[in-house]
Amino acid sequence: MGNVTCDVAVSVDGFSSRPDQTLEHPFGEGVDLHRWMFETADENRAELDAILAAGAYVMGRHMFSPGRGEWDLDWRGWWGPEPPYHGPVFVLTHHPRDPLVMEGGTTFFFVTDGIESAVAQAREAAGERDVSIAGGAATINQALAAGLLDELRLHVVPQVLGYGDRVLDGVPPLALETVSVRAASLVTHVTYRVLGPLG
């Protein structure tokens, strides 16, 4: 069985998004933490490849959609007809929805019974490969608090957002081991192994 990993771009003060998410501003107005993925992709090829190497993914509702409440069934995700995942993606939600099959092998499954169930389903689907917690902050924090995450990969962007959705908010004390740190022109990549509760 593979590991449960997480990749998330964060500001220096730990925010990954803001709650004022809209169609025009997927991470909230004024939030641009992903330039490194597009403008300097070659410089960050190893990290980008690692993000999409998992056998299955778990994400929160807001990572999939700007909507709240009942589903707009015409909405098929931020990524167009062929999302980059090319595998099963388990979306946490309070609102049931039938699986959504996309081009390129991505199928979104909508999970209404919590993070533990979503990760268990993703583990089964991934087989021997890793499971990736794709975000957002609330989903990552739930996985950490539940002891489900083996490796946390922070992609730290030199910006201070000041407020928003903070990674590690509400997470109990944890012991982490530094696996690697690499500075690039627009981002610093920091990988931690999650050892468990502190103390």
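Start at Phe90: in this predicted model, its bridge partner in strand E6 is Phe109. A little earlier along the same pair of strands, Pro88 has Thr107 in E6 as its bridge partner. These pairings belong to a longer match-up, in which E4 (88-92) and E6 (residues 107-111) run parallel and are joined by five bridges. If you're wondering what holds such neighbours together, strands of a sheet pair through backbone hydrogen bonds, either parallel or antiparallel.

Now look at the other side of E6. Here E5 is joined to E6 by two bridges, and this time the two strands run antiparallel. Leu100 is the residue that stands opposite Phe108 in E6. E5 and E6 make a hairpin, with five residues between them, and Gly104 in that turn has a positive phi of about 80°. So is E6 covered or open to the outside? E6 is mostly covered, with four of its five residues buried.

Let's zoom out to the whole sheet. It's an open sheet of nine strands with mixed pairing, and if you walk across it you meet them in the order E5-E6-E4-E3-E7-E1-E8-E11-E10. At the two edges sit E5 (100-101) and E10 (174-183), each of which pairs on one side only.

Helices lie against this sheet. H4 packs on it and touches E1, E3, E4, E6 and E7, with a direction about 160° from that of E3. H5 packs on the sheet as well, touching E1, E3, E4, E7, E8, E10 and E11 (188-197), and its direction makes about 135° with that of E7.

What fills the inside? The largest nonpolar core has 27 residues, and Val58, Ile133 and Ile140 have the most contacts inside it. Strands E1, E3, E4, E7 and E8 each give two or more residues to this core, and so do helices H4 and H5. H4 gives the most, with five residues. Take Ile140 as an example: leaving aside residues up to four places away in sequence, it touches Cys6, Val8, Ile133, Gly135, Leu152 and Val167. Apart from this core lies another one, of 15 residues, including Ala54, Tyr57, Trp75 and Tyr85.

Next, find Leu148, in the loop between helix H5 (137-145) and strand E8 (151-157). Which residues does Leu148 touch, not counting residues up to four places away in sequence? They are Val4, Ile115, Glu116, Val119 and Ala143. Phe38, on the other hand, is 110 residues from Leu148 in sequence, and their C-alpha atoms are 30 Å apart in space.

Finally, step back to the full chain, which has five helices and 11 strands. Its radius of gyration is 16 Å, close to the 16 Å that the globule rule gives for 199 residues, so the chain is as compact as a globular protein of that length. Along its principal axes, the C-alpha trace spans about 40 × 35 × 30 Å. Of the 199 residues, 47% count as buried. Among contacts between residues at least 6 apart in sequence, 64% join residues at least 24 apart.

One last label comes from a database record: an unreviewed UniProt entry annotates residues 4-184 as "domain: Bacterial bifunctional deaminase-reductase C-terminal". In the model, that span is 20% helix and 29% strand, and its end C-alpha atoms lie 25 Å apart.

Key. Residues numbered from 1 in each chain as written. Predicted model: local features only at pLDDT ≥ 70, side-chain atom pairs only at ≥ 80, totals over all residues. Heavy atoms only, no water. Contact = heavy atoms within 4.5 Å. Core = buried A, V, L, I, M, F, W, Y, C linked by side-chain atoms within 4.5 Å. Buried < 20%, exposed > 50% of the residue type's maximum accessible area, 1.4 Å probe, protein only. Pairing = 2+ DSSP bridges. Axes fitted to C-alpha atoms, helices over the stretch in contact; angles between N-to-C directions. UniProt positions renumbered as here; feature names shortened; annotations may be inferred. Rg over C-alpha atoms; globule rule 2.2 N^0.38 Å.
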